[in-house]
Amino acid sequence: MTTPPPLLSARELRVTFPGRHGGASARAVDGVDLDIRPGEIVALVGESGCGKTTLARSLLGLVPPTAGRVSFAGRPLEYGSRALKAYRKRAQLVLQDPSGSLNPRHTVYDAVAEGLRIHGYSGDEREAVAEALARAGLRPPERFFLRYPHELSGGQRQRVVIAGALVLEPELLVADEPVASLDASVRGEILALLLRLRTELGLAALVVTHDLGLAWNIADRVAVMYLGRIVETGEVEQVLTAPRHPYTQALLSVLPDAPGAPVVLAGEPPDPSRIPSGCRFRPRCQILAGGEAARAGVADHCRTQDLEVLNGSGEAQVACHWARARAGA
């Protein structure tokens, strides 16, 4: 079967923020290739500060890249106001905190209809709002029209945010920690909703999360990000059942059902203004610290040789000298 061309594609994407008071600039996204195909759910995983939210916002045109390019449906993303307005109708953002995403003075109806009004929708607004709410699992939709955010549960507020995205009939959702602020009992419902929307509407999605367990439950592919770059990527079963990068292994080790003792990473969390030489994970790497990289003959490479940007094709790939040495042994 022929693999469809990507719906969204990034190549050599970089986002650099100037340093404060003349300090070093922060390379928040430092060379990323990433593809998302039609109808595919990709999980972008990493701890806080790794650059995943900046990457997601850059893919949506909310943060202009310093270098590199983003393409949607085969066409380069343009950053003029008119072009971005048209693009954001096709690619919608769902934020982590539904309370912060909704104006407390607006009814549910107005919150969902806002996008239609911005884009000059000429059809039946009431019908479009009702259909979006119903697709988001708020039924009967008319019962929610005149309610305000404070009258809803956390799960219902997140469904309203999703309905506000769906009303424009996008092809892609970018969901930034979509269930992080919800109770455990509600998280499964929202994840099931996203899966159902993919099936019913053919929606593609980029789900940004620190939770590899969430990635296992929802994603087709996973991309693990560390200090501005993707360090491991592949089909979710490949990456999460047989992780090759020490960082991925450490993230998986702290899940509740993980075998063995959790891996406690040494050193400080990543600082995008102080990217080390060689492998950027080197200062915290349990493999290098434990001598396994030296036994594999790659310790010097880890300290001095940078790793190339993974090519974003969707194949299983890893940016790690030790993992590659093991694979070639």
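**Entry 1: the α6 and α7 contact**

I began with the contact between two helices in this predicted model, and I listed which residues take part: from α6 I noted G155, Q158, R159, I162 and L166, and these meet V186, E189, I190, L193, L194, L197 and L201 of α7. Sorting the residues of this contact by character, I counted eight nonpolar, two polar and two charged.

I then looked up the geometry, since two packed helices are described by the angle between their axes and the distance between the axes. Helix α6 covers residues 154-166 and helix α7 covers residues 184-201, and I found that they pack at an angle of about 20° with their axes 10 Å apart. Angles under 35 degrees count as roughly parallel, and I therefore entered α6 and α7 as roughly parallel to each other. For the handedness I wrote down that α6 passes α7 in a right-handed crossing.

**Entry 2: P178**

I next turned to P178, which I located in the loop between β7 (172-176) and α7. Is P178 buried or exposed? I recorded a relative accessibility of 2%, so P178 counts as buried, the limit for that label being under 20%. Leaving out residues up to four places away in sequence, I found P178 touching Q96, Q158, L194, V207 and V208. Two of these names, Q158 and L194, I had already written down for the contact of α6 with α7. I also checked the separation of P178 from R274, which lies 96 residues away along the chain, and their C-alpha atoms are 30 Å apart.

**Entry 3: T233**

I placed T233 in strand β10, which runs over residues 229-235. Its relative accessible area is 5%, and I therefore noted T233 as buried. Which backbone atom lies 3.2 Å from a polar atom of the T233 side chain? I found that it is the backbone oxygen of V222. V222 also appears in my list of residues touched by T233, which, with residues up to four places away in sequence not counted, reads R221, V222, A223, V239, L310, E315, A316 and Q317.

**Entry 4: T54**

Last, I looked up another threonine, T54, and found it in helix α1, residues 52-59. With a relative accessible area of 17%, T54 is buried, because the label applies under 20%. Again not counting residues up to four places away in sequence, I listed V15, F17, A28 and V29 as the residues that T54 touches.

How values were computed
Residues are numbered from 1 along each chain as its sequence is written. This is a predicted model: local features need pLDDT of at least 70, side-chain atom pairs count only at pLDDT 80 or more; totals for chains, interfaces and linings use all residues. Side-chain values use heavy atoms; hydrogens and water are left out. Axes are lines fitted to C-alpha atoms, for helices over the stretch in contact, and angles run from 0 to 180 degrees between N-to-C directions. Helices (H or I, at least four residues) and strands (E, at least two) are DSSP runs, numbered from the N terminus. Angles under 35 degrees count as roughly parallel, over 145 as roughly antiparallel, 65 to 115 as roughly perpendicular and the rest as oblique. A crossing is left-handed if the near helix is turned anticlockwise from the far one by less than a right angle, and right-handed if clockwise. Contact means heavy atoms within 4.5 Å. Ala, Val, Leu, Ile, Met, Phe, Trp, Tyr, Cys and Pro count as nonpolar, Asp, Glu, Lys and Arg as charged, and the others, Gly among them, as polar. Buried means under 20% relative accessible area, exposed over 50%, partly exposed in between (1.4 Å probe, protein chains only). A polar contact is a pair of N or O atoms within 3.5 Å; within protein, one must be able to donate a hydrogen and the other to accept it, and residues adjacent in sequence count only if both atoms are side-chain atoms.
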